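User: I would like to learn how to read a protein model, one feature at a time. Please give me the general idea first and then the case shown here.

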Amino acid sequence: MSSTFTFDLGHFATQMGWAVAGACDPSIPESSQKFFEQWVREYKPAGQMSYLEKRQKERLTPTAYFPDAKSILCFGLFYFPGWASGEVKVSNYAWGEDYHLQLKAKLEETAAALKNTLGDFKYRLCVDTAPVLEKTLAVQAGLGWQGKNTLLLSPQFGSYLFLGEIVTDLPLTTFSAKMPVSDHCGKCTRCIDACPTSALTPYVLKADLCISYLTLEHRGEFDSNTPAFSDWIAGCDICQEVCPWNQKLVPIQNSALDPSFQKLTKSDIESPTWPERIQEKALSYVRPENWQRNLNWIESQRAESKEVVSASQ
Ligand code: B12
Ligand code: SF4
Ligand code: SF4
């Protein structure tokens with residue numbers, strides 16, 4: 001096995017339309033393993049998101065997920081479509097085609113192109129639902145740093161990167177090494193200050209307070225412990241919207257993007273055509289009954305804040 005790194009994965013990947021790419025060892029640093037175990041114990045909502053616990057061994061040991069693994073190729077796809085400003089808001093990640101399908105197809109295409117260049121190899125593709133710690137791996141592969149909002153940030157593309165991986169049996173020495181990106185958050189605390197539900201402390205997210213979790217994943221009704229989540233009906237981008245590293249992003253041009261998602265109204269969500277409008281999107285995973293639940297919650301919070309204002313006048 002040669003000890004000189006040779007193949008420039010970053011250059012190859014940008015030619016294939018990825019924003020960033022890099023390779024790393026199939027292992028998770030001990031400190032991240034400990035953080036993960038602690039997070040699952042302390043911050044995972046009780047009884048929910050059990051998928052994080054179920055395959056914990058594979059998450060913390062990539063070779064348990066793919067025993068032949070010798071390297072993990074990490075990719076970031078830029079997806080910023082512009083800021084939401086409607087009566088109700090749906091997170092940016094869901095305006096286009098379902099990113100799970102989009103990334104899987106792109107990873108498959110990339111693996112085939114790599115085989116043409118590097119010869120045959122064994123691999124497994126991962127996007128979101130695979131039991132891997134995508135942000136930790138991306139940091140190790142030099143794609144960016146994990147910010148205080150817990151997302152992977154790149155100096156050039158901010159946090160608007162979907163992550164996907166190809167776990168391979170190619171030795172890591174096949175790929176030229178990438179310099180790690182240092183933490184660029186500095187003294188900034190904008191995401192922490194802006195989060196309306198106080199879900200963030202530096203580098204840690206308390207998921208049961210996160211609007212993204214509450215609107216998309218929480219099962220059942222909300223109760224008196226549920227915080228108000230302003231205008232967000234599916235997902236939340238507040239801790240990304242305020243981040244200085246996202247201020248100069250230029251929206252992508254993509255025919256799969258639905259521009260009407262920028263200014264959604266309550267009647268869009270209540271319309272009988274809504275299920276049809278979202279059937280090709282990641283939003284199709286939101287349970288039908290949860291749309292009305294989320295809308296009712298937003299409305300009840302709006303009514304409550306009006307009452308507070310009129311009582312104080
Ligand atoms: C579970 C999950 C969620 C949960 C929990 C979020 C979270 N922060 O992990 C919920 C439902 C809330 C969620 C929300 C969102 N998600 Co999500 N989610 C995931 C998923 C499936 C697993 C992530 C995971 O393992 N979390 C568990 C915790 C333990 O991980 P962690 O926060 O990274 O924890 C680390 C830090 O806390 C750190 N740590 C702990 N203490 C300390 C202390 C110090 C000092 C330091 C330095 C570090 C540190 O160590 C931990 C382990 O490394 C990944 C896909 C995947 N397979 O990885 C997508 C993923 C993270 N989500 C993604 C997205 C886009 C979102 C949303 C933006 C969607 C939206 N707009 O609504 C929001 C963002 C909310 C936020 N601020 O994080 C993208 C993120 C892309 C990126 N650029 O980072 C991913 C990677 C999916 C993808 N393939 O693109 N998500
Ligand atoms: S996604 Fe929204 S609720 Fe969740 S941490 Fe970010 S700002 Fe807070
Ligand atoms: S808003 Fe500030 S602290 Fe939060 S992730 Fe961005 S740079 Fe880091």
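User: How many nonpolar, polar and charged residues does the shell around ligand 3 have?

Analyst: Keep in mind that this is a predicted model. To read a shell, sort its residues by class and count each class. The shell around ligand 3 has 7 nonpolar residues, 1 polar residue and 2 charged residues. Among the residues that surround ligand 3 are Cys-185, Cys-188, Cys-191 and Cys-243. Lys-148, Asn-149 and Arg-190 also belong to this group, as do Leu-153, Pro-244 and Trp-245.

User: Which residues are around ligand 2, and how do they divide by class?

Analyst: The list includes Cys-195, Cys-210, Cys-236 and Cys-239. Thr-197, Leu-200, Leu-205, Ile-211 and Ile-238 are also around ligand 2. By class, 8 are nonpolar and 1 is polar, with no charged residue.

User: What are the closest residues to ligand 1, and how many residues surround it?

Analyst: Ligand 1 is surrounded by 37 residues, and the closest are Ser-91, Glu-134, Gln-146, Leu-152 and Ser-212. The shell around ligand 1 divides into 22 nonpolar, 10 polar and 5 charged residues.

User: Which polar atoms lie 2.8 Å and 2.9 Å from a nitrogen atom of ligand 1?

Analyst: For this, look at distances between individual atoms. At 2.8 Å from a nitrogen atom of ligand 1 there is a polar side-chain atom of Ser-91. At 2.9 Å there is a polar side-chain atom of Thr-150. The backbone can take part too: a polar backbone atom of Leu-161 is 3.1 Å from a nitrogen atom of ligand 1.

User: Which elements give two or more residues to the shell around ligand 1?

Analyst: They are the helices α2, α3, α7, α9 and α10 and the strands β7 and β9. The largest share, 4 residues, comes from α2.

User: Strand β7 was just named. How should I read a sheet?

Analyst: Strands of a sheet pair through backbone hydrogen bonds, either parallel or antiparallel. Here, an open sheet of 4 strands has the order β1-β2-β7-β4, with antiparallel pairing. β1 (20-24) and β4 (123-126) are the edge strands, each pairing on one side only. From one strand to the next, the twist averages 20°.

User: How many bridges join β2 to β7, and what packs across the sheet?

Analyst: The antiparallel strands β2 (residues 71-78) and β7 (residues 161-168) are joined by 8 bridges. Phe-78 stands opposite Leu-161 in β7. Helix α6 (residues 99-118) lies across β2, β4 and β7, and runs at about 40° to β7.

User: How many aromatic pairs are found in the whole structure, and why is the pair of Trp-18 and Phe-75 called tilted?

Analyst: The search finds 17 aromatic pairs. To read one, take the distance between ring centres and the angle between planes. For Trp-18 and Phe-75 the centres are 4.8 Å apart and the planes are at 35°, so the pair is tilted. Trp-18 is in the loop between α1 and β1, and Phe-75 is in strand β2, so numbered 57 residues apart they link distant parts of the chain.

Technical notes
Residues numbered from 1 in each chain as written. Chains lettered and ligands numbered in written order. Predicted model: local features only at pLDDT ≥ 70, side-chain atom pairs only at ≥ 80, totals over all residues. Heavy atoms only, no water. Pairing = 2+ DSSP bridges. Axes fitted to C-alpha atoms, helices over the stretch in contact; angles between N-to-C directions. Contact = heavy atoms within 4.5 Å. Near = heavy atom within 4 Å. Nonpolar A, V, L, I, M, F, W, Y, C, P; charged D, E, K, R; others polar. Polar contact = N/O pair within 3.5 Å; in protein donor to acceptor, adjacent residues only side chain to side chain. Phe/Tyr/Trp six-rings, centres within 6.5 Å; stacked < 30°, edge-to-face > 60°.
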